[in-house]
Amino acid sequence: MAARRKPGLPALPPVQAGPILHATPLVERWFWHYWQRLGLPESELALLALTQDRREYQRWTGKRLNFMVLGCYCYLQFTGKVSSSVADRASGKPGQPEGRRASAMLPLPGFSEGPLSRPVAVTSEPPRHRHCIFIEPDMQPRSIEVTVAHELIHLADRVRGTPRRHRHHGYDSIAADEAAITGYDLEELRRLLHEESARREQLRRARAPLRYIYVCPNCGKEYPRARRYSRPVSCSLCDKAYNPRYRLLLARELL
Ligand SMILES: [Zn+2]
Ligand SMILES: [Zn+2]
């Protein structure tokens with residue numbers, strides 16, 4: 001019987017001879033295709049785990065995936081404590097939460113890797129990192145392809161020691177690389193991203209209808225929400241960073 005872990009602590013998948021691919025044959029196919037195209041090193045394969053199950057990804061990484069996320073790459077590193085950095089593929093969110101999301105430092109007392117079976121690298125050092133990837137299963141085939149390519153670009157950046165953050169999904173240097181590697185043009189990639197995001201948004205609305213209308217006291221922009229904000233949020237039109245002067249106010253509740 002497995003010991004119960006506190007939620008939020010990553011339970012890394014065991015290192016095996018090859019990658020862990022909990023994925024459909026289509027995702028597997030694109031995974032191998034883009035792994036080769038990006039010239040990724042074979043030595044990283046045993047340190048990789050890919051899933052299309054949100055809960056499994058959450059278990060591995062200790063991170064919750066936002067409903068709108070279509071794909072995610074997470075680099076987990078541990079040296080006594082586990083730290084990680086995450087690269088999402090999702091559409092933008094309207095409000096500006098106070099402070100950035102709590103940074104990804106997860107102390108992990110008594111962490112052990114479980115049975116050590118490392119047939120690949122015969123070194124004295126156990127592996128110090130893992131790559132975790134999530135791919136949303138409910139997408140059109142072309143979106144599945146480009147999402148796999150996208151997450152592997154993040155992985156390639158990390159392996160080369162030059163991780164990039166997104167400036168603007170579909171418009172930044174990562175999008176340019178995605179176009180170059182997949183052969184789709186940027187317009188097509190943006191259209192796919194837009195379609196999938198719109199679909200996720202529809203699904204989300206069906207699950208959680210909008211009930212609360214928040215309003216910016218400065219510009220009057222309305223922010224409809226399914227749930228109340230759990231912390232102060234300010235208007236992203238009036239200030240890109242959190243600014244208490246433009247803190248959103250609950251204007252009305254739809255019943
Ligand atoms: Zn990304
Ligand atoms: Zn405003």
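**Zinc site.** I began with the metal and found that the zinc ion (ligand 1) is coordinated by His150 (NE2), His154 (NE2) and His166 (NE2), at 2.0 to 2.1 Å. I note here that the model I am reading is predicted. Along the chain, I read the spacing of the zinc donors as H-x3-H-x11-H. I then placed two of these donors: His154 belongs to helix H3 (residues 141–159), while His166 sits in the loop between H3 and helix H4 (173–182), so the pair ties together parts that are twelve residues apart in sequence. I also looked up their accessibility, and His154 counts as buried at 4% relative accessibility, whereas His166, with a relative accessible area of 23%, is partly exposed.

**Aromatic pairs.** I searched the whole structure for aromatic pairs and obtained five. One of them joins Phe31 and Trp35, whose rings are 5.4 Å apart centre to centre with 35° between the planes, and I entered this pair as tilted. Both residues lie in helix H1 (residues 25–37), and because they are four residues apart there, about one helical turn separates Phe31 from Trp35. When I checked their accessibility, I found Phe31 buried and Trp35 buried as well. I also recorded that Phe31 and Trp35 form one aromatic cluster together with Trp32.

**Arginines over rings.** I looked next for charges over aromatic faces, and I noted Arg29 over the face of Trp30, at 4.5 Å from the ring centre. I entered a further case in Arg200, which lies over the face of Phe67 at 4.1 Å from the ring centre.

Key
Residues are numbered from 1 along each chain as its sequence is written. Chains are lettered from A and ligands numbered from 1 in the order in which they are written. This is a predicted model: local features need pLDDT of at least 70, side-chain atom pairs count only at pLDDT 80 or more; totals for chains, interfaces and linings use all residues. Side-chain values use heavy atoms; hydrogens and water are left out. Rings of Phe, Tyr and Trp (its six-membered ring) pair if their centres lie within 6.5 Å; planes under 30 degrees apart count as stacked, over 60 as edge-to-face and the rest as tilted. Helices (H or I, at least four residues) and strands (E, at least two) are DSSP runs, numbered from the N terminus. Buried means under 20% relative accessible area, exposed over 50%, partly exposed in between (1.4 Å probe, protein chains only). A charge sits over a ring if NZ of Lys or CZ of Arg is within 6 Å of the ring centre and within 35 degrees of the ring normal. Donors are N, O and S atoms within 2.8 Å of the metal (3.2 Å for Na, K and Ca); water is not among the atoms, so sites may look incomplete.
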